[in-house]
Amino acid sequence: MEQRERLWTIGEVVNHLRERFPDVTPSKLRYWEKAGLIRPRRTHGGHRLYCPMDVERLALILNLRARHRLPLPVVRAMLDRLEEDPALNLGAVEALLRVLQESEGEQLVALTAEEAARRAGISIEQLRRMEALGLLPDGVPNEERRYSLEDVALMQVVRDLEAMGVTCQNLAFYVRLVRAQVRHDVAIYMPLVGDLDTDAERIGRFRELHRLIQALIGLLYRKYVRRALMRRWIRRAARSSRR
C-alpha cells in the first residue's frame, strides 16, 4: 500500500514550531506566504496544508529571522540558494551567513588567496595546508586559484576546529568520508531519476534523498556516539572502583 505524505494544518505547524520559536503565530505564516517565502497546499475549502518540507522551510525562515535578524529579501535569497543547491544544509547556511554578515553584505566571489585568508582570519600557510589535504576543493590545476565566500566559510569552520585542538590531519579523514559518501549517494541517486523528465523534478528527488540520508546518518551517529561514550564511562567507573 502506498504511504501517504503527512500534511499539517496551520495550527499544528504553529504548535510544533512554538517549542523552538515562541514568537511564531499563524499571522506570521500567512504574511510569509503573501511575501512568497512559502507556498502551502490548499484544501477544496481553502484551508492551508503544509507538507514536511514546508515545515522544515518555515523552521529555517524562523531561524534566519530570529537568530540573525535578516530582512525578508535576504531570507528569500538564502532560500533561493538552498533550492539551487540541494546538498546545502542548515549548518552550511549558518557558516555562510556568518561570512556574509562579516562582509557587510558584499558579494565578492573572486578573492585572491591573501584576501580569502585575511577574511577567514587564517594565515596563507594554513590556507595552503587546507588545500593540500583536500579541505578546499574546486581549485583548477596550474591556474591561479580564486576563492568564493563559501570557501571563506569553509576556512573559518576549519579554523574554529583547529582552535579546539583538532588538526588538519584529523580533518583529512572527513574529506575521505565525504568523498566516499558522495560516490555512494550518486550511485544510489542515478537509478531513482530515470523516470523524471525535468531538472526541477530531479533536483527535488535528490533533495529528498539527501534529507533522508542525512536524517539517517544523524540518528545513527547519535546512537553510536552514546554507545561508545557509555562504554568508555563504564570502563572508567570500573577502574575507579578498583582503586
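**Exercise 1. Determine what share of the contacts with a separation of 6 or more joins residues 24 or more positions apart, and describe the overall make-up of the chain.**

Solution. In this predicted model, residues 24 or more positions apart account for 57% of the protein-chain contacts with a separation of 6 or more. The next step is the secondary structure: the chain holds 10 helices and 2 strands. Their order along the sequence is α-α-β-β-α-α-α-α-α-α-α-α. Turning to the surface, about 16500 Å² is exposed, and carbon and sulfur atoms supply 56% of that area. Finally, of the 243 residues in the protein chain, 32% are buried.

**Exercise 2. Compare the expected span of helix 3 with the distance between its end C-alpha atoms, then describe its burial.**

Solution. Helix 3 covers residues 52-68, which is 17 residues. The expected span is 1.5 Å times one less than the number of residues, and for helix 3 this gives 24 Å. The end C-alpha atoms are 24 Å apart, so the model agrees with the expectation.

The burial of helix 3 can then be read residue by residue. The stretch Leu-58, Ala-59, Leu-60, Ile-61, Leu-62, Asn-63 and Leu-64 is among the buried part of the helix. Asp-54, Val-55, Arg-57 and His-68 are buried as well. Just after the helix, Arg-69 adopts a positive phi of about 55°.

**Exercise 3. Locate Glu-114, classify its exposure, and state how far its C-alpha atom is from that of Ile-124.**

Solution. Glu-114 belongs to helix 6, residues 113-120. Its relative accessible area is 48%; partly exposed residues lie between 20% and 50%, so Glu-114 is partly exposed. The C-alpha atoms of Glu-114 and Ile-124 are separated by 6.6 Å, with the two residues 10 positions apart along the chain.

**Exercise 4. Identify the salt bridges made by Arg-128, Arg-129 and Arg-145, and establish which residues form one network.**

Solution. The whole structure contains 7 salt bridges; three of them are examined here, beginning within helix 7.

1. Arg-128 pairs with Glu-131, and their closest N and O atoms are 3.0 Å apart. Both residues lie in helix 7 (residues 124-132), and because they are 3 residues apart, about one helical turn separates them. An α-helix has 3.6 residues a turn, so residues three or four places apart point the same way. Arg-128 is partly exposed at 40% relative accessible area, and Glu-131 is partly exposed at 23%.

2. Glu-162 and Arg-129 form a salt bridge with an N to O distance of 3.4 Å. Glu-162 is in helix 8 (residues 149-163) and Arg-129 is in helix 7, so this pair ties together parts 33 residues apart in sequence. Arg-129 is partly exposed, with a relative accessibility of 32%.

3. Glu-131 also meets Arg-145 in a salt bridge, at 3.3 Å from N to O. This pair links distant parts of the chain: Glu-131 is in helix 7, whereas Arg-145 is in the loop between helix 7 and helix 8, 14 residues apart. The relative accessible area of Arg-145 is 14%, and Arg-145 is therefore buried.

4. The last step is to follow the shared partners. Through them, salt bridges join Arg-128, Glu-131, Arg-145 and Asp-151 into one network.

Conventions:
Residues are numbered from 1 along each chain as its sequence is written. This is a predicted model: local features need pLDDT of at least 70, side-chain atom pairs count only at pLDDT 80 or more; totals for chains, interfaces and linings use all residues. Side-chain values use heavy atoms; hydrogens and water are left out. Helices (H or I, at least four residues) and strands (E, at least two) are DSSP runs, numbered from the N terminus. Buried means under 20% relative accessible area, exposed over 50%, partly exposed in between (1.4 Å probe, protein chains only). Contact means heavy atoms within 4.5 Å. Accessible areas come from the Shrake-Rupley method with a 1.4 Å probe; for residues, only the protein chains shown count as cover. A salt bridge is a side-chain nitrogen of Lys or Arg within 4 Å of a carboxyl oxygen of Asp or Glu.
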